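Q: Please give me a close look at a single part of this structure. I would like one connected account, with cut-offs stated as you go.

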Amino acid sequence: MDAGQSHMNVLVPILIVFLAIVLTAWWRARTCLNQAIAKQTRGIDALREAHLAELRQHLQRQQALLDSMIEGILVLDDQHHVILANQAVSQLFGFSLPATGRSLIEVVRHHEVAMLVGRLAAEPVVLGYELRLEATPPRFVQINAVTLRNAAGGTTGIVLVFHEITQLRALEGVRQEFVANVSHELRTPLSLIRGATETLIDGAKQNPASVDKLLAIIDRHADRLTLLIDDLLLLAKLDSGRMSLNLQPLSLHDVVQETMEDLAPRAAARSMRLENGLSLDLLAQADPDRLRQVLSNLIDNAVKFGRPSGLVKVSARGLDERWVELGVQDDGPGIPPEAKARVFERFYRVDKARSREQGGTGLGLAIVKHVVQAHGGDVRVESELGRGTTFYFTLPR
């Protein structure tokens, strides 16, 4: 074997060992690199998931906050597509959530809203715009809209806030009707008092018979004004919750009997009979003065509108261990079905001409309702045309 062959025999194993070492080192380095990359990837994925979870939680909190608002919120992008909408606006316009990406007109289906958004191209803010939504009954919405702009002044989106004012409209209608009714009720006796006074000033005071007649008119309508003002003040106290009740155990039979004795002359004038159908041992927890007021209004109402020579009967029964129910029944013409839901409204009269002829302030049944509710009870009416009317109310035992 020559020297060259001998060197080759020595170098080959060395080279093999060296290559093995290099390959092993490379493999270990690659494995470590892959593990580091995998670890980094896992870290990035975990961080992404954490950020996504935090974002989802933030969006959920934001949506929960928006959904808790009574105002409808609608946020649009610069192309008038929905970015954000809350529960209130979805209920108002009847679309389902989420509405992200849908066009404004597709969501609200109301061209007037689209026209309002179109105005924002020329006006940065639109406030107090009123919209009528066709429904049964109609609904009314007040809209405030504002354009969102970036630092360069370009439009980035639009925010619409919807506030339903249906109840405010209804309350305003009630207020206007109430003022009109009060004005009418005050004007009639005041006109009669003024007319009688002017007649006296013009010379009627020289005639004793005329003086007595005119003074009687003044006295009668002054009393009517006093009753009206007292009833209005009482209702104001009941509405504000400032009416304090002197609750005590009462014999319902005795309170009904006392009230009937007070109203006996009115009943006799119409040849009507008053019947107390309550047992002597039936008790209720009530304010005696307010209970007499309730009974007086109901019995007087039955005497006014019952059948001449008819019967007004007061009865009672225990509903359970906590409540007792009283009923005041007449045998008059009854109340039309469409009027039964309104008889407890202030100044509402089923037969306006007859009611004013019979007298009264038009507030009696409203007072009955509020006084009974102040005791924790409830009041209702049952009536059939031609077969009389019964007013029921409950009191705590």
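The part to follow is the sheet with mixed pairing and what surrounds it.

A: Happy to. This is a predicted model, where local features need pLDDT of at least 70 and side-chain atom pairs count only at pLDDT 80 or more, while totals for chains, interfaces and linings use all residues. Residues are numbered from 1 along each chain as its sequence is written, and side-chain values use heavy atoms, with hydrogens and water left out.

Let's start with the sheet. Five strands form an open sheet in the order E7-E9-E10-E12-E11, with mixed pairing. Strands (E, at least two residues) and helices (H or I, at least four) are DSSP runs numbered from the N terminus, and two strands pair if DSSP finds at least two bridges between them. The edges are held by strand E7 (273-276) and strand E11 (379-383); each has a single partner strand, so one side of each is left without a neighbour in the sheet. From one strand to the next the twist averages 20°; axes here are lines fitted to C-alpha atoms, for helices over the stretch in contact, and angles run from 0 to 180 degrees between N-to-C directions.

At the E11 edge, E11 runs antiparallel to strand E12 (residues 389-396), joined to it by five bridges. In this pairing, Val 379 stands opposite Phe 393 in E12. Helix H8 (residues 288-305) packs on the sheet, where it touches E7, strand E9 (311-318), strand E10 (323-330) and E12. The direction of H8 makes about 170° with that of E12. Contact means heavy atoms within 4.5 Å.

Phe 393 appears again in the largest nonpolar core, which has 48 residues. A nonpolar core is a set of buried Ala, Val, Leu, Ile, Met, Phe, Trp, Tyr and Cys residues joined through side-chain atoms within 4.5 Å, and buried means under 20% relative accessible area, with exposed over 50% and partly exposed in between (1.4 Å probe, protein chains only). Phe 393, Leu 252, Leu 291, Ile 299, Leu 326 and Leu 395 touch the most other members of that core. H8 supplies its largest share, seven residues. Leaving aside neighbours within four places in sequence, Leu 291 is in contact with Leu 250, Leu 252, Val 255, Ala 286, Phe 393 and Leu 395. A second, separate core of 25 residues includes Ala 99, Val 107, Ile 143 and Ile 158.

Ile 299 leads us on to Thr 259, since the contacts of Thr 259 beyond four places in sequence are Arg 292, Leu 295, Ser 296 and Ile 299. Thr 259 lies in helix H7 (residues 252-269). With a relative accessible area of 3%, Thr 259 is buried.

One more helix pair deserves a look. Helix H6 (residues 208-240) packs against helix H11 (residues 364-374) at an angle of about 35°, with axes 10 Å apart. In this contact, Asp 231, Leu 234, Leu 235, Leu 238 and Asp 239 of H6 meet Ala 366, Ile 367, His 370, Val 371 and Ala 374 of H11. By class, that gives seven nonpolar, one polar and two charged residues, where Ala, Val, Leu, Ile, Met, Phe, Trp, Tyr, Cys and Pro count as nonpolar, Asp, Glu, Lys and Arg as charged, and the others, Gly among them, as polar.
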